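The following exercises concern sheet topology, helix geometry, aromatic pairs and nonpolar cores. Each task is followed by a worked solution.

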Amino acid sequence: MTNHVVLYEPLMPANTGNIARTCAGTNTVLDLIEPLGFQIDNKKMKRAGLDYWDKVDVRLHDDLNAFLASLGPNDEMYLISKFSAKNYAEVDYTDSNKDYYFVFGKETTGLPETFMREYYDRNLRIPMSDNIRCYNLANSVAIVLLEALRQQGFPQLETSHHYENDKLKDNYNRPERYERNLKGE
């Protein structure tokens, strides 16, 4: 099972850089559908991804058709859109025989309407109020991807780590006022 974040014609290098960093931290493949609104070596994009670019499996696709042709018969593709009625958290992402592809649209116009209509049953929504048009692309990727990873048991990810001066471990000197019962008992 492999997770993929797919960006359709991304325009903003900072968003793509932040998403690449999330992909590096979660062992997620980053699929980029061209044309891109920037050069891959753009300084802003590299700055947003910091020094993680060598840790990201980036796959470029010439266009949407080339991306679709790359999908295998067991792959599950989901289109993330504010126009969908189905909640992203209502889907089961745990079949270990499948790769999961989460497709996100261009920052300005989203995904093509014809594509969304063709894959109508594959459209998912992140709940939000009517106070905004949409969430930031990098935030949307993190929201959906972390739900899939949570359901999958965070495969090959550290859920705990020991640091020499770990602020939360027992051997770290904490003030007494931080010792309390968080369950409210």
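**Exercise 1. Classify phenylalanine 115 and tyrosine 119 by accessibility, and describe their ring pair.**

Solution. Phenylalanine 115 has a relative accessible area of 4% and is therefore buried, where buried means under 20% relative accessible area, exposed over 50% and partly exposed in between (1.4 Å probe, protein chains only). Tyrosine 119, at 22% relative accessibility, counts as partly exposed. The rings of phenylalanine 115 and tyrosine 119 form an edge-to-face pair, with 5.3 Å centre to centre and 65 degrees between the planes. Rings of Phe, Tyr and Trp (its six-membered ring) pair if their centres lie within 6.5 Å; planes under 30 degrees apart count as stacked, over 60 as edge-to-face and the rest as tilted.

The model is predicted: local features need pLDDT of at least 70 and side-chain atom pairs count only at pLDDT 80 or more, while totals for chains, interfaces and linings use all residues. Residues are numbered from 1 along each chain as its sequence is written, and side-chain values use heavy atoms, with hydrogens and water left out.

**Exercise 2. State how many aromatic pairs the structure holds, and characterise the pair of tyrosine 93 and tyrosine 100.**

Solution. There are six aromatic pairs in the structure. Tyrosine 93 and tyrosine 100 pair edge-to-face, 5.9 Å centre to centre and with 90 degrees between the planes. Both tyrosine 93 and tyrosine 100 are buried. Together with Tyr78 and Phe102, Tyr93 and Tyr100 form one aromatic cluster.

**Exercise 3. Derive the strand order of the open sheet and identify its edges.**

Solution. The open sheet has six strands in the order E3-E2-E1-E5-E4-E6, with parallel pairing. Strands (E, at least two residues) and helices (H or I, at least four) are DSSP runs, numbered from the N terminus. Two strands pair if DSSP finds at least two bridges between them. The edge strands, each pairing on one side only, are E3 (58-61) and E6 (123-124). Strand E4 (residues 76-80) is joined to E6 by two bridges, and isoleucine 80 has leucine 124 as its bridge partner in E6.

**Exercise 4. Compare the expected and actual span of H1, then locate H1 and H5 on the sheet.**

Solution. The expected span of a helix is 1.5 Å times one less than its number of residues. The 14 residues of H1 should span 20 Å, and its end C-alpha atoms are 20 Å apart, which agrees. Helix H1 (residues 13-26) packs on the sheet and touches strand E1 (3-8) and strand E2 (29-33), its direction making about 150 degrees with that of E2. H5 lies across E1, E4 and strand E5 (100-104), at about 160 degrees to E1. Axes are lines fitted to C-alpha atoms, for helices over the stretch in contact (heavy atoms within 4.5 Å), and angles run from 0 to 180 degrees between N-to-C directions.

**Exercise 5. Which elements give two or more residues to the largest nonpolar core, and what does isoleucine 19 contact?**

Solution. A nonpolar core is a set of buried Ala, Val, Leu, Ile, Met, Phe, Trp, Tyr and Cys residues joined through side-chain atoms within 4.5 Å. The largest has 30 residues, and Ile19 is among those with the most contacts inside it. E1, H1, E2, E4, E5 and H5 each give two or more residues to this core, and H5 provides the largest share, seven residues. Leaving aside neighbours within four places in sequence, isoleucine 19 contacts Val5, Leu7, Leu30, Leu137, Ala138 and Val141.
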